[in-house]
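Got your viewer open and a selection tool at hand? Let's take a short walk through this structure, one stop at a time.

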Amino acid sequence: MMKKIGLICLFGLILFSANAQKKYAYPMPEYTPTAGNLEAREEFQDMKFGMFIHWGVYSILADGEWVMLLKKIQKDNYSRLADFFNPQEFNAEEWVKIAKDAGMKYITITSRHHDSFSMFDTDASDFNIVDATPYGKDPLKELAEACKKEGIKLNFYYSLLDWRRDDYKDGKKGDEEAWNKYVGFMKAQLTELLTNYGEVGCIWFDGHWDQKEANWHYDEIYSLIHKLSPNTLIANNHHIQPIPGDDVQTFERDLPGENHGGFNHGVEVSQLPLESCATMAGKWGYSIYDKKFKSTKQLIHFLVKAAGKNGNLLLNVGPMPNGKIQPEFVDTLGEVGEWTSKYGESIYGTRGNVVGSQDWGGTITKKDKTLYVHVLEAPSEPYIFISEFTEKIASATSFDGKTKVKFKQMKEGTFLYPGKDFDASIDGIIKLKLK
Ligand code: FHN
């Protein structure tokens, strides 16, 4: 009996500590977003589709952004990479054009990843693209200018975790002085990012999960950001419940509320703007070995499903060491762009969560009195049944409005009869106008 009680207690303890890790344990000041911040959140939700860019010295080794850790490369040896980093073919305007043509409305680029290399001009570390490489220029400056010119919002990814700095390592082991120094370093870099690049849409943190129990001093860091730039959103890819001060909730490699990638276990969807991030192949950083390319259709489905769940899609490219985005990605993004240019009306500016998950494998997006029913698989019956959807429909048509679609409404839901020529090979969209 005692053994049984002991086991139950142990199980309870494990469960308790697992749940505790889903919440940030340190006090945070009460946060009331400014009117401008709330507006920025709406704008963020309207944009729906962004380009994620993982680019750093690791691209030279062409084996993903975790190569330093996975290949156990010593700090000094890794530092040498900076000597070879000379992305002469980098052209910010070209990247912005690729993003824009794909229908992306914002760009989130790694300013510093876990390897500690800063991709911008910083006084807080010598290990940066301007001081440590033959390239000697600041690509984020160029990107900021190109984005501004083209009306694309620019966001900065910022790693909390650092594989190279001693203050991080020592701080992780409990050295408080070192930890405070590291926090100070982050604050100095964030100040640079928020003052030298014009308007920044979002600071996108990553790496919290490396020390789930640590005091990351978010009270100071978030206050600094919100003070320097109140309309800049904070997204923190911490894989826990949102912390007061977060403006966006992220879902890595998953749709909001799902956990196929294993990062979002036990995390509930909040009322904040939502964003899913995904790769175009397997890895985030450039990899010459990675051939798991997702198809255009898969990526469009991800975008549509994210919108249906009221979220954005942040789709990643990992540029090559010469500064070019690999042709496979450019081609696929071009195809995605053909789709968004035709059907973007059903995505941008819409909101989701109109219905729960449906048997017919699709989703619905909504803008004012217009609903877009996205049918993502050819229906197995001559109808689709939207369960529990009873809002009164005034008309149902094809996406272009040219063909009427029959419908029948009852208290259990709504039947739509798309007709025999209905094409759901990528996304068959039926437009509903509500009364
Ligand atoms: O370790 C990183 C990874 O390299 C990449 O940046 C992704 C993007 O969401 N985030 C981390 C894993 O959670």
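Which backbone nitrogen does the side chain of Gln 241 reach? Select Gln 241 together with Glu 268 to find out: the side chain of Gln 241 reaches the backbone nitrogen of Glu 268, at 2.4 Å. Keep in mind as you go that you are looking at a predicted model.

**Around Gln 241**

Stay with Gln 241 for a moment and show the strands on either side. Gln 241 sits in the loop between strand S5 (233–237) and strand S6 (249–252). With a relative accessible area of 18%, Gln 241 counts as buried, since the cut-off for buried is under 20%.

Now pick His 239, which is found in the loop between S5 and S6. His 239 is buried, with a relative accessible area of 10%. Check its backbone too: phi of His 239 is near 65 degrees, a positive value in a residue other than glycine.

**Another positive phi**

Jump to Lys 48, in the loop between helix H2 (35–47) and strand S1 (49–53). Phi of Lys 48 is near 65 degrees, again a positive value in a residue other than glycine. Is Lys 48 buried or exposed? Lys 48 is buried, with a relative accessible area of 1%.

**The ligand**

Next, click on the ligand and bring up the 15 residues around it. His 54, Glu 65, His 114, Asp 206 and Glu 252 come nearest. This shell divides into seven nonpolar, five polar and three charged residues.

Zoom in on the ligand's oxygen atoms. An N or O atom in the side chain of Glu 65 is 2.5 Å from a ligand oxygen. For Tyr 157, a polar side-chain atom lies 3.3 Å from an oxygen atom of the ligand, and for Asn 237 the value is 3.5 Å. Switch on a surface and you'll see how the protein covers 97% of the 330 Å² of accessible area that the ligand has on its own.

**The nonpolar core**

Select Met 51, Ile 107 and Phe 205: of the 90 residues in the largest nonpolar core, these touch the most other members. Then add helix H10 (residues 176–195), which gives this core its largest share, eight residues. Try coloring by domain: domain 1 (35–346) and domain 2 (363–434) both give residues to the core, so it lies between them.

**Out to the surface**

Finish at Glu 388, in the loop between strand S11 (384–387) and strand S12 (393–398). Glu 388 is exposed, with a relative accessible area of 71%. Draw a distance to Lys 227, 161 residues apart from Glu 388 along the chain: their C-alpha atoms are separated by 45 Å.

Terms used. Residues are numbered from 1 along each chain as its sequence is written. This is a predicted model: local features need pLDDT of at least 70, side-chain atom pairs count only at pLDDT 80 or more; totals for chains, interfaces and linings use all residues. Side-chain values use heavy atoms; hydrogens and water are left out. A residue is near a molecule or strand if one of its heavy atoms lies within 4 Å of it. A polar contact is a pair of N or O atoms within 3.5 Å; within protein, one must be able to donate a hydrogen and the other to accept it, and residues adjacent in sequence count only if both atoms are side-chain atoms. Accessible areas come from the Shrake-Rupley method with a 1.4 Å probe; for residues, only the protein chains shown count as cover. Ala, Val, Leu, Ile, Met, Phe, Trp, Tyr, Cys and Pro count as nonpolar, Asp, Glu, Lys and Arg as charged, and the others, Gly among them, as polar. A nonpolar core is a set of buried Ala, Val, Leu, Ile, Met, Phe, Trp, Tyr and Cys residues joined through side-chain atoms within 4.5 Å. Buried means under 20% relative accessible area, exposed over 50%, partly exposed in between (1.4 Å probe, protein chains only). Helices (H or I, at least four residues) and strands (E, at least two) are DSSP runs, numbered from the N terminus. Domain bounds come from an automatic or database domain assignment.
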